[in-house]
2 protein chains.
Amino acid sequence: MSTDVDTAPAVGDSERRRRTRERLMDAAFDVFAEAGVHTASVEAICERAGFSRGAFYSNFESKEELFFALSDREVDKTLARATDIAREVFPASAPNGEDVAEVVRTMIQFVRGEANWHRIVAEYRLLAMRSGDVATRYLDFTRRLNERVGDMLETITLGAGLRFVGDIRLISRTLIALSSAITEEQMLGGQSTDGRETEGDPLDFEAIVAYVHLVTEPAID
Amino acid sequence: MSTDVDTAPAVGDSERRRRTRERLMDAAFDVFAEAGVHTASVEAICERAGFSRGAFYSNFESKEELFFALSDREVDKTLARATDIAREVFPASAPNGEDVAEVVRTMIQFVRGEANWHRIVAEYRLLAMRSGDVATRYLDFTRRLNERVGDMLETITLGAGLRFVGDIRLISRTLIALSSAITEEQMLGGQSTDGRETEGDPLDFEAIVAYVHLVTEPAID
DNA sequence: CGTATCCGATACATGAATGTATTCGATACA
DNA sequence: TGTATCGAATACATTCATGTATCGGATACG
């Protein structure tokens, strides 16, 4: 009997299907960011995407599978964008010290841009803390991002006639950790419901530039 | 009619009641850490605490209220412990450069200790990203922790005949961000389910000590 | 010793989200 | 034009957590 072992099992892969999945992921991005993965219902995602739950379960096994498909997509997008920014910025850099500050500022703007992406990453990290499998994926993401940023920094800095004092990976790591922390504070402070603004002391981005200057020195060449 | 406007409304505050609340919070700490605030059911918390849901709703209005009561308690505990550690460490510091490394190491051990507390904080942060009220509380916590660590660093460093180059708050902030990032990576790497260990490159704690040396210099006095 | 109060247990009603089984419609293909 | 296939919609059954209302027991107090 023709059980079609390898033609039937895999579900279709038509263009229509692909678009549906994309729309569901687009919707999920917003809904997850707003409500969180657990709070968000499949229903809510479908509603925003303009589909029914039938469509959802025809395309994804569960909400979790959707989340991981989504994170993969966004991680790729993010890394691609980081690369684009690097390509866009470093040919323009006339080799002088000021450019480093500029590059760092660009990088931070990039990190800072999307609050929703920050929420997604924060949730990704939280899930990773509870599941080894997720942790593997998450660490892979952060590792790739670190490398990308490290390369970027190194290239720029060399172009500017500077070099880093110490381990470049540690430095890029520090920069990412620091700018994330600051971005986070600004994000959290900005939305404070009650009257008073973030009067505390939102450490300025300039402080990061100061750090960069601290860990760079003229390349003797 | 004696409506007892200000004697009746407040629910009891007996010793028994206080103990019940504590036990519920103890249980919630574990359950929240393991499963997450949303996934964890009131039922699960009660079961671990050895109570029924009746007891729960007699003591807390909702799971969220419990979470906030719990975070307050833990934040206080954490800050108190930070203070204790500071008190414990700095009288012992014979003023030499090595002590700084030792202190940083102690600080990191402290941060590192409890994976569950990390999970709780991560969730706290995530909730803060979606609610201005929570954000206010969370920022207050991080601000206090920063101050505490900053004071600690400053005292120790002075005692060791060193001084920080640059803004001490930025430095303590950087240290916290960095050690959190590293702790996180170790935590995530450690639990990876599949065979391979965290072979990647777990930036060593020593690297942080290197950073401290980078931002300190002998106090000319 | 009896009674009242406080606190936790039990039982129940409700609402919400999930996943599946089935149906309907459109598009490709003969 | 008829038919088969694929993908999304609909309807349904089920599970699960919540919150409340009521009950029972213990302890304190007269």
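**Cysteines and the surface around DNA strand C**

Over all chains, the structure holds zero disulfides. The model in which this count was made is a predicted one. Two cysteines can nevertheless be placed with respect to solvent: A:Cys46 has a relative accessible area of 1%, and B:Cys46 likewise stands at 1% relative accessibility. Because buried is taken to mean under 20% relative accessible area, A:Cys46 counts as buried, and B:Cys46 is also classed as buried.

Around DNA strand C there are 16 residues, of which A:Arg53, A:Tyr57, B:Ser14, B:Thr20 and B:Ser52 come nearest. Of the atoms of DNA strand C that come within 4 Å of the protein, 65% belong to sugar and phosphate. By residue class, the surface near DNA strand C is made up of eight polar, four charged and four nonpolar residues.

Several elements of secondary structure contribute to this surface, with at least two residues each coming from helix H3 (53-59) of chain A and from helix H1 (15-35) and helix H3 (53-59) of chain B. The largest contribution to the surface near DNA strand C is that of H3(B), which gives four residues.

Individual polar contacts with the strand involve both backbone and side-chain atoms of the protein. In chain A, a polar backbone atom of A:Val42 lies 3.1 Å from a phosphate oxygen of DNA strand C, while an N or O atom in the side chain of A:Lys63 is 3.5 Å from a phosphate oxygen of DNA strand C. In chain B, the partner is a sugar or linking oxygen of DNA strand C, which is 3.3 Å from a polar side-chain atom of B:Arg16.

Conventions. Residues numbered from 1 in each chain as written. Chains lettered and ligands numbered in written order. Predicted model: local features only at pLDDT ≥ 70, side-chain atom pairs only at ≥ 80, totals over all residues. Heavy atoms only, no water. Disulfide = S-S within 2.5 Å. Buried < 20%, exposed > 50% of the residue type's maximum accessible area, 1.4 Å probe, protein only. Near = heavy atom within 4 Å. Polar contact = N/O pair within 3.5 Å; in protein donor to acceptor, adjacent residues only side chain to side chain. Nonpolar A, V, L, I, M, F, W, Y, C, P; charged D, E, K, R; others polar.
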